[in-house]
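Please open the structure in your viewer and keep the selection tool at hand. The tour proceeds in short stops, each beginning with something to select.

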Amino acid sequence: MTIGFAPARFGLPASAVDDDLSVLRLIRSRRVGPTTFHRLIAEHGSAHAALDALPRIAAQSGIADYAVCPEGVAAAELSAGRRAGARLVRHDSPDYPDSLRQIDGAPAILWVRGDPAWLSRDVMAVIGARNASSLGLRMARGMAVGLGEAGFTVVAGLARGVDTAAHAAALPTGTIAVMAGGVDVIYPAENAELAARIADCGVLVSEQPPGTEPAARHFPTRNRIVSGLSRGVVVIEAAQRSGTLITARNALDQGREVMAVPGHPMDARAAGCNALIRDGATLVRSAADVADALAQTRPLPEPIAIATPEPLPPPRDHGGPIQLESRILQRLSPSPTEENDLIRDLGVAAATASAVILSLELQGRVTRLAGGRLALS
């Protein structure tokens with residue numbers, strides 16, 4: 001089986017020539033998402049070299065007017081971070097959590113307010129409905145307190161309902177809030193005081209630039225960080241179609257444990273939890289159940305080291321890059337497709353296919369999704 005190259009899993013160090021400005025310019029450049037960022041670093045050795053190569057790569061893809069993120073834009077983001085009292089943690093920093101480094105599409109950078117050491121502790125996610133019932137909120141508080149006493153750091157998304165209850169209960173033992181917008185833009189606004197307390201005895205974290213107002217597209221990408229930081233996720237009340245279940249699916253893709261608190265079959269807020277249990281999630285009723293379930297599983301795997309490959313020449317297989325682009329586009333649709341399956345079906349070298357996929361990304365014709373999947377834009 002041909003394996004597609006996924007540099008985001010391996011924590012490849014950037015060259016010593018990189019500085020914060022170069023890394024920010026690369027990840028903020030047009031059509032460069034986290035997966036493309038890591039591929040460019042792996043192929044060119046550093047963010048600085050990747051920035052130099054990007055206009056040429058774009059030109060080979062038929063984009064004549066491509067320009068990388070200007071220095072002034074990245075410098076303004078660094079200044080905004082300093083004003084917000086936030087710290088930039090790059091993917092090659094020792095403060096970057098190994099658990100997050102292993103996932104597909106790991107964030108290239110994190111903005112943090114508080115102590116980044118919390119990100120590398122034994123973390124469990126406690127998530128659930130925004131319109132949680134009183135019993136659901138009580139369960140969230142009890143779960144967070146119990147997990148904290150057992151030595152876990154509780155992570156959630158600072159949303160209303162279950163997230164808010166879990167964060168507040170976990171303050172004495174430390175908690176992580178992953179933000180959809182900038183680390184200085186508190187959403188919902190009523191959690192401003194809670195966020196300030198988390199910054200004092202935990203950490204606020206986001207991959208978005210400081211000052212960014214949260215938008216709908218930011219929440220699914222936020223959710224992959226919640227699950228990526230964690231050994232597992234505990235779901236407390238979730239409707240059948242909810243953002244909470246996106247986090248649970250991310251956790252499954254990332255090899256994390258998924259646990260759920262059962263609810264009454266007639267309560268719509270419990271439908272998602274009951275479905276997760278039906279489909280194989282571990283039924284839990286307390287922090288003790290969570291600890292018992294984790295004790296029966298293996299720890300997260302160690303990051304795998306891999307040598308940085310040489311920069312790839314433009315692909316020429318199977319009639320040249322134009323024909324290969326066409327073959328790739330014919331096999332894709334708006335529904336996600338596994339990149340490894342696509343490369344296997346193409347019957348070409350993984351390096352050749354990856355280079356053409358990158359070209360299609362820069363053209364805006366292909367979108368990368370969590371879990372190593374591709375879809376038509």
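The stops below visit a buried residue, a pair of helices and a sheet in this predicted model.

**First stop: a residue inside a helix**

Select helix H9, residues 218–228, and find asparagine 223 within this helix. Is asparagine 223 buried or exposed? With a relative accessible area of 6%, asparagine 223 is buried, because buried means under 20%. Next, display Gly243, Ile246, Thr247 and Asn250: asparagine 223 touches these residues, leaving aside residues up to four places away in sequence.

**Second stop: two crossing helices**

Two packed helices are described by the angle and the distance between their axes. Select helix H14 (residues 339–346) together with helix H15 (residues 350–362). Their axes come within 10 Å and cross at roughly 115 degrees. The crossing of H14 and H15 is right-handed. To see the contact, show the side chains of Glu339, Leu342, Ile343 and Leu346 on H14, and those of Ala350, Ala353, Ser354 and Ile357 on H15. The residues of this contact comprise six nonpolar, one polar and one charged.

**Third stop: a sheet of three strands**

Now select strands S10 (337–338) and S11 (366–369), and add strand S12, residues 373–376. Together they form an open sheet in the order S10-S12-S11, with antiparallel pairing. Which strands stand at the edges? They are S10 and S11; each has a single partner strand, so one side of each lacks a neighbour in the sheet. Between S10 and S12, the antiparallel pairing runs over two bridges. Finally, select threonine 337 and leucine 374, the bridge partner of threonine 337 in S12.

Key
Residues are numbered from 1 along each chain as its sequence is written. This is a predicted model: local features need pLDDT of at least 70, side-chain atom pairs count only at pLDDT 80 or more; totals for chains, interfaces and linings use all residues. Side-chain values use heavy atoms; hydrogens and water are left out. Two strands pair if DSSP finds at least two bridges between them. Helices (H or I, at least four residues) and strands (E, at least two) are DSSP runs, numbered from the N terminus. Buried means under 20% relative accessible area, exposed over 50%, partly exposed in between (1.4 Å probe, protein chains only). Contact means heavy atoms within 4.5 Å. Axes are lines fitted to C-alpha atoms, for helices over the stretch in contact, and angles run from 0 to 180 degrees between N-to-C directions. A crossing is left-handed if the near helix is turned anticlockwise from the far one by less than a right angle, and right-handed if clockwise. Ala, Val, Leu, Ile, Met, Phe, Trp, Tyr, Cys and Pro count as nonpolar, Asp, Glu, Lys and Arg as charged, and the others, Gly among them, as polar.
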